[in-house]
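Reader: I've just opened this one and I'd like a friendly walk through some of its strands. Could you take my questions as they come?

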Amino acid sequence: MASLQISGSVKFEPLVGFNRIRYFRPIGSLGIPRFRRRFSIGRPLLLRRSSSFSGDKIGESVGDEKGFITDAERDGSGSVLGFQLTPTGDQEIFSTSTGEITHQEEKKEAIDETVMADFGVPGNRAVEEGAVEVGIPSGKAEVVNNLVFVTSEAAPYSKTGGLGDVCGSLPIALAGRGHRVMVVSPRYLNGTAADNNYARAKDLGIRITVNCFGGSQEVSFYHEYRDGVDWVFVDHKSYHRPGNPYGDSKGAFGDNQFRFTLLCHAACEAPLVLPLGGFTYGEKSLFLVNDWHAGLVPILLAAKYRPYGVYKDARSILIIHNLAHQGVEPAATYTNLGLPSEWYGAVGWVFPTWARTHALDTGEAVNVLKGAIVTSDRIITVSQGYAWEITTVEGGYGLQDLLSSRKSVINGITNGINVDEWNPSTDEHIPFHYSADDFSEKVKCKMALQKELGLPIRPECPMIGFIGRLDYQKGIDLIQTAGPDLMVDDIQFVMLGSGDPKYESWMRSMEETYRDKFRGWVGFNVPISHRITAGCDILLMPSRFEPCGLNQLYAMRYGTIPVVHGTGGLRDTVENFNPYAEGGAGAGTGWVFTPLSKDSMVSALRLAAATYREYKESWEGLMRRGMTRNYSWENAAVQYEQVFQWVFMDPPYVS
């Protein structure tokens, strides 16, 4: 636009109770809908110290009777970058940092230290030095960024596990703290009711061409603005098929490398071409790439964009949710990725001899996650324990040496949970509500669950629950082996999950054999998972490895005591019960057993069951400590922001 048209004025009035101009409240607004939209999506309003308004002044200015001049600051293309607010004349300014009254003509720098509390605008010196871009109200981030999450799933649009939960909740928490946040994920359509999740997403009408896999692919973008976050969905016909995001009943899709290569290329273009709220995110974006599905993003930034001066100020952080999945394909597929030939070394991978299929197999492969580890600027895992485990032979899955070489930039941050969805005092899925102050209604949830499942209604009987996938990682074989021993005890056992058919069949046979003690629900049902979490006394998680784990967090919030194997995030989040700590008051939130064996697991379960029966006061202490812990994403978001500051301290990866 040629000029800035202002249909209103910017006016400020001092708050009641102050004789000096100390704090200001806006009583008017700029009559520009585009700017109001910009604020609604968390886009920062850049405030800089105004220079003289003579000579080569950029933009136009208006004054008001309070003596402030508003000046529009533009870039070379004429786009408005922000506004300058400058007091005119000899005004008295109150400094919130020094408590002194100064005059503008005596000390023009006074504006630097003045804070307009209702806006949270910091001193201009901090802005010019790059420490703060915009003012953030109390409780918000000190430094805000343009964040771009790239993920294969994000709840509630798509979800198969913890990755979907993280990418559906963490962006909202960060947006609430003042960051501008975009989430880029595929637009999956599988012909089920889940397709309605994308009903509010609108086609942006923008098409880009991605050159990969020996041809050109056109992708489009859909957008929904919700909870302060720009949800962007990459649309291509390869995402429209029955099944989950990765496969169907016959196994993983054979073209997953193609599908997620498209996602990564589109995600790199999105901040440059999508005018969300009227403004693109621009080149100074921070990409948060999740697991191997988004792993090409940091490689593309280094190989395709930075050599040409694009994204030179951008950074990337790799978030590892599960190192076991690495996006490994034959070496011959490298040319399909859309990368320069000289960058093969970033993703090139050689399997050890013992892992090769035959004597003539050279073991050469393409490993996308390995390339992301090499080229990302920092790495985050979803718990502190997992950050260490991935550098060991047992937990590194062949990448432990590479990860050990980068351990100085690896941080572990425990996931949070949606404390609104998982709240026993308001949960719509459970029949009775309770809290840490009064959990007397929890036993009624237990009795209702027993009735629903057809078990004898026995509130005094310890009830053990399991919720999760039925596979080797989750330790189902351990539960299977220990089943007969556990059924000897006076307990009830409930399992919810799906996965390996042999474990599904075992659950059915256990239910037939132990009608009064065991129930198995094959499949997954959200309301039932909430009722099991609320109704059970103990939650069992014997996982072989668990990067973070969420079910133990849900359980503790609901006053259900976790019994877990001491690995990864389970060890980080569950404190082993010590009845003698705190002068006999006790400490801890559950039981952590190790080593991973049937005997140690059964011993921990029996100890938990005995405590439930015989030591009610200790049990209530366990419940109360678990329920009062802070599991919110707000807590995790603050830790992420520290890593955001660190990532911009060093130059980006370039070669």
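Reader: How many of the 7 residues of strand 13 are buried?

Author: This is a predicted model, where local features need pLDDT of at least 70 and side-chain atom pairs count only at pLDDT 80 or more, while totals for chains, interfaces and linings use all residues. Residues are numbered from 1 along each chain as its sequence is written, and side-chain values use heavy atoms, with hydrogens and water left out. Strand 13 covers residues 229-235 (strands are DSSP runs of E, at least two residues, and helices are runs of H or I, at least four, numbered from the N terminus). Buried means under 20% relative accessible area, exposed over 50% and partly exposed in between, with a 1.4 Å probe and protein chains only; strand 13 is largely enclosed by the rest of the structure, because its buried residues number 7 of the 7.

Reader: Which residues of strand 13 point the other way from Val229, Trp231, Phe233 and Asp235?

Author: In a regular strand the side chains alternate between the two faces of the sheet. In strand 13, Val229, Trp231, Phe233 and Asp235 point one way, and all the residues on both sides are buried. Pointing the other way are Asp230, Val232 and Val234.

Reader: Which residue in strand 13 is the bridge partner of Val181?

Author: Strand 10 (residues 180-186) and strand 13 run parallel, joined by 6 bridges. Two strands pair if DSSP finds at least two bridges between them. The partner of Val181 in strand 13 is Val229.

Reader: And which residue stands opposite Val234?

Author: Look at strand 12 (residues 215-226), which runs antiparallel to strand 13 with 7 bridges between them. In their hairpin, 2 residues lie between the strands, and Asp227 takes a positive phi near 55°. Opposite Val234 you'll find Phe221.

Reader: Which strands stand at the edges of the sheet with the order 18-20-19?

Author: That's an open sheet of 3 strands with antiparallel pairing. Each edge strand has a single partner strand, so one side of each is left without a neighbour in the sheet: these are strand 18 (328-330) and strand 19 (348-350).

Reader: Which residue in strand 20 does Glu329 stand opposite?

Author: Strand 18 and strand 20 (residues 364-367) pair in the antiparallel sense over 3 bridges. Across from Glu329 in strand 20 is Val366.

Reader: How many disulfides does a search of the whole structure find?

Author: A disulfide is a covalent bond between the sulfur atoms of two cysteines. The search counts a pair of cysteine sulfur atoms within 2.5 Å. Across the whole structure, the number of disulfides found is 0.
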